[in-house]
Amino acid sequence: MPPEDEQPLCSFDAHWLRQSFVWANAARIRGNRPFGAIIVTADGRILAEAFSNTQETGDSTGHAEMNAVRQIGTARLPADVIAAATLYSSAEPCAMCASAICSAGVRRVVYGLDWQRLQHIRPDLRPIHLSCHDIFASATEPVECAGPCLVDEALAVYEDSWLSAADNASSSNTDL
Ligand SMILES: [Zn+2]
């Protein structure tokens with residue numbers, strides 16, 4: 001299956017998606033997989049900022065999107081605030097994260113690199129082959145989803161960090 005076409009973004013979305021790339025790089029610097037996520041209100045208020053911390057915690061559910069969703073949950077934000085926010089993720093949410101996003105009540109997602117392109121770099125990853133678009137389409141409440149976006153910039157985050165022998169040597173198969 002060919003990679004999905006890149007989708008255009010407005011300057012607001014592009015700005016916040018790039019912030020998820022910043023968090024992805026922060027994850028990598030700390031020895032984690034290079035994934036970042038941020039949740040932002042429509043008027044630009046940050047509700048959550050997170051990165052994948054699976055490597056430093058040993059918790060295989062510590063994906064960036066999961067950690068971001070946990071932040072808005074523990075903050076006990078009003079449902080209408082969450083529903084009006086957008087989650088920006090440096091890469092396409094996996095099945096676990098997409099389901100958590102639905103459960104949390106987030107209704108809009110923008111992501112950078114899609115899994116088809118990511119698998120060219122790391123074909124050993126992703127234990128469940130389900131598109132986040134399919135999961136969001138099956139959600140009880142609709143979730144708008146844009147991606148892949150800013151593909152060249154998103155790809156640079158992963159190419160730089162995942163082509164190193166050190167990262168490959170310390171990797172397990174399925175936790176991101
Ligand atoms: Zn995930």
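**Close-up views of a five-stranded sheet and its helices**

**View 1. V110 meets its partner at the β4-β5 border.** V110 has A146 of β5 as its bridge partner. Helices (H or I, at least four residues) and strands (E, at least two) are DSSP runs, numbered from the N terminus. β4 and β5 run parallel and are joined by three bridges. Helix α1 packs on the sheet and touches β1, β2, β3 and β4. The direction of α1 makes about 140° with that of β1. Axes are lines fitted to C-alpha atoms, for helices over the stretch in contact, and angles run from 0 to 180 degrees between N-to-C directions. Contact means that two C-beta atoms, placed from the backbone, lie within 7 Å.

The model is predicted: local features need pLDDT of at least 70, side-chain atom pairs count only at pLDDT 80 or more, and totals for chains, interfaces and linings use all residues. Residues are numbered from 1 along each chain as its sequence is written.

**View 2. The open sheet holds five strands.** Their order is β2-β1-β3-β4-β5, with mixed pairing. Strands pair if DSSP finds at least two bridges between them. β2 and β5 (144-146) are the edge strands, each pairing on one side only. On average, neighbouring strands are turned by 15° against each other, direction ignored.

**View 3. β3 pairs with β1 and with β4.** β1 and β3 are antiparallel, over four bridges. Here I38 has Y88 of β3 as its bridge partner. β3 and β4 (residues 108-113) pair in the parallel sense, also over four bridges. L87 stands opposite V109 in β4. From β3 the chain passes through α5 to β4, a right-handed β-α-β crossover. Right-handed means that, with the strands pointing away from the viewer, the path from the first strand over the helix to the second runs clockwise. Six of the six residues of β3 are buried. A residue is buried if 20 or more other C-beta atoms lie within 10 Å of its own, exposed if 12 or fewer, and partly exposed in between; C-beta atoms are placed from the backbone.

**View 4. L17 sits in helix α1.** L17 is buried because 25 other C-beta atoms lie within 10 Å. Its contacts include Y88, V110 and C149, not counting residues up to four places away in sequence. L17 and Y88 are 71 residues apart in sequence, but 5.3 Å apart in space, C-alpha to C-alpha.

**View 5. Helix α3 lies across β1, β2 and β3.** α3 runs at about 145° to β2. Its buried residues are A64, E65, M66, N67, A68, V69 and I72. They pack against α1, β1, β2, α4, β3 and α5. A68 touches A37, I38, I39, A48, A50 and L87, not counting residues up to four places away in sequence. Just after α3, R76 takes a positive phi of about 50°.

**View 6. Helix α5 feeds the largest nonpolar core.** This core has 47 residues, and I39, A68, I101 and V109 touch the most other members. Helix α5 (residues 95-104) gives the most, with six residues. A nonpolar core is a set of buried Ala, Val, Leu, Ile, Met, Phe, Trp, Tyr and Cys residues joined through C-beta atoms within 7 Å. In α5, C97, A98, A100, I101, C102 and A104 are buried. The buried residues of α5 pack against α3, α4, β3, β4 and α7 (132-137). Just after α5, G105 takes a positive phi of about 90°.
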